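Hi,

Here is the structure we talked about. Please open it first, then read my notes below.

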Amino acid sequence: MSRIAIVTGGTRGIGEAISVALKDQGFTVAANYAGNENRAKEFTDRTGIAAYKWDVGDHEACLTGCEQVAEELGAVDVVVNNAGITRDGTLHRMSYDDWHEVMRVNLGGCFNMSKACFPGMRERQWGRIVNIGSINGQAGQYGQVNYAAAKSGIHGFTKALAQEGAKFGVTVNAIAPGYIDTDMVAAVPEPVLEKIVAKIPVGRLGQAEEIARGVAFLCSENAAFVTGSTMSINGGQHMY
Ligand code: NDP
């Protein structure tokens, strides 16, 4: 029987590529999403991967959503915490709501999903949790105190939970992507994006599949000795 994986924000962008890579690697995948029904339906029709709607920032919704996946597909062996949002603005313009919403979804989502699935992995003595951080959580970024704090928090969360999971066969790792060609980056104004690309040594944006291949490795048997690590996939933009 194949192992079961949940990918949050798994129906488009980097998450879509991760869902497909894990399916190709033999996992049965449940792709979570927030509310973009058209993209979710189109994704399921094209890939055959089931999509499940819930808000990863909502603790109860995560518990219920993960239970539903377990009932329909089987016990959850892998969680990829990929769902994320931006609410950019310099601190003096940033509202408390913009601060809180980014923390709630990006960092709170990691806690909520891990809380729902880690105990079962621990009991079954096998599990993989991969958290998607960001280059901006490592290096900081102008106009992103909320996002950089949440992503930096993800890297700390990863190292702490890795210590709890290690003796139970549960590995917990992070990937810190650089700038990847998705809807999130398409929202960055063109002149700003040009300046960003100019700072990437390989001279281009990354592709979602390049992040997905890293996730697929971390979820494999071959990565059993890798835990508490952060894999930077950023075209050399930040050598951490
Ligand atoms: P996109 O904006 O393209 O996609 C975001 C996905 O997350 C969508 O599937 C969306 O669902 C889902 N999502 C958003 N909020 C929630 C929520 N509250 N509950 C459940 N799902 C939610 O993002 P990317 O693919 O660009 O980014 C994926 C991850 O990678 C994020 O964590 C991001 O911070 C990180 N990252 C991205 C980089 C980039 O350059 N793109 C760089 C570094 C990190 P729906 O479709 O329903 O809206």
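Gln125 is partly exposed, at 44% relative accessibility. Gln125 sits in the loop that links H4 to E5. Keep in mind that this is a predicted model. The phi of Gln125 is near 65°, a positive value in a residue other than glycine. Most residues other than glycine have a negative phi.

**Strand E5**

Just after that loop comes E5, residues 127–132. How many of the six residues of E5 are buried? Six of the six are, and the strand is mostly covered. Gly127, Ile129 and Asn131 point one way from E5. Arg128, Val130 and Ile132 point the other way. Both sets are buried.

E5 pairs with strand E6, residues 170–177. The pairing is parallel and has six bridges. Asn131 is opposite Ala174 in E6. E5 also pairs with E4, again in parallel, through four bridges. Two contacts show how E4 and E5 line up. Val79 has Ile129 in E5 as its bridge partner. Val80 is opposite Val130 in E5. The chain goes from E4 through H4 to E5, and this β-α-β crossover is right-handed.

**Strand E4**

E4 covers residues 76–81. Six of its six residues are buried, so the strand is largely enclosed by the rest of the structure. E4 is joined to strand E1, residues 4–7, by four bridges, and these two strands run parallel. Val7 is opposite Val80 in E4. Val80 therefore makes a handy landmark when you step through the model: it stands opposite Val7 and opposite Val130 in E5.

**The cavity**

A search of the whole structure turns up one cavity of 30 Å³ or more. The largest cavity has a volume of about 50 Å³. Which residues line the largest cavity? They are Thr8, Val56, Asn81, Asn82, Ala83, Val105, Asn106, Gly109, Cys110, Ile132 and Ile154. Ile132 is also one of the buried residues of E5. By class, the lining has six nonpolar and five polar residues, and no charged ones. Helix H4, residues 96–124, gives the most to this lining, with four residues.

**Cysteines**

How many disulfides does the structure hold? It holds zero. Cys66 is in no disulfide, and its nearest cysteine sulfur, on Cys117, is 3.6 Å away. A disulfide needs the two sulfur atoms within 2.5 Å. Cys66 counts as buried, at 5% relative accessibility. Cys110 is in no disulfide either; its nearest cysteine sulfur, on Cys62, is 10 Å away. Cys110 is buried as well, with a relative accessible area of 1%. Cys110 is also among the residues that line the largest cavity.

**The second largest pocket**

This pocket holds about 160 Å³ of space. Its lining is made of Gly13, Glu16, Ala17, Val20, Arg39, Arg46, Asp181, Thr182, Asp183, Ala208 and Glu209. Which class is charged, and how many residues does it have in this lining? Six are charged, with three nonpolar and two polar residues beside them. Three helices each supply at least two lining residues: H1 (13–24), H2 (37–47) and H9 (208–218). H1 has the largest share, with four residues.

**One more residue in H2**

Lys41 is found in helix H2. Is Lys41 buried or exposed? At 54% relative accessibility, Lys41 counts as exposed. Its C-alpha atom is 7.7 Å from that of Ala51, which lies ten residues away along the chain.

**Where to look**

For a quick tour, begin at Gln125 in the loop between H4 and E5. Next, view E5 between its partners, E4 and E6. Then turn to the cavity, where H4 gives four lining residues. Finish at the second largest pocket, with its six charged residues.

Best wishes

Definitions and conventions: Residues are numbered from 1 along each chain as its sequence is written. This is a predicted model: local features need pLDDT of at least 70, side-chain atom pairs count only at pLDDT 80 or more; totals for chains, interfaces and linings use all residues. Side-chain values use heavy atoms; hydrogens and water are left out. On a 1 Å grid over the protein atoms alone, a cavity is a set of points where a 1.4 Å probe fits but cannot get out, and a pocket is an open set with protein on both sides within 12 Å along at least five of seven lines; lining residues have an atom within 4 Å of a point. Grid points are joined across faces, edges and corners, and a volume is the space filled by probe spheres set on the points. Ala, Val, Leu, Ile, Met, Phe, Trp, Tyr, Cys and Pro count as nonpolar, Asp, Glu, Lys and Arg as charged, and the others, Gly among them, as polar. Buried means under 20% relative accessible area, exposed over 50%, partly exposed in between (1.4 Å probe, protein chains only). Two strands pair if DSSP finds at least two bridges between them. A crossover is right-handed if, with the strands pointing away from the viewer, the path from the first strand over the helix to the second runs clockwise.
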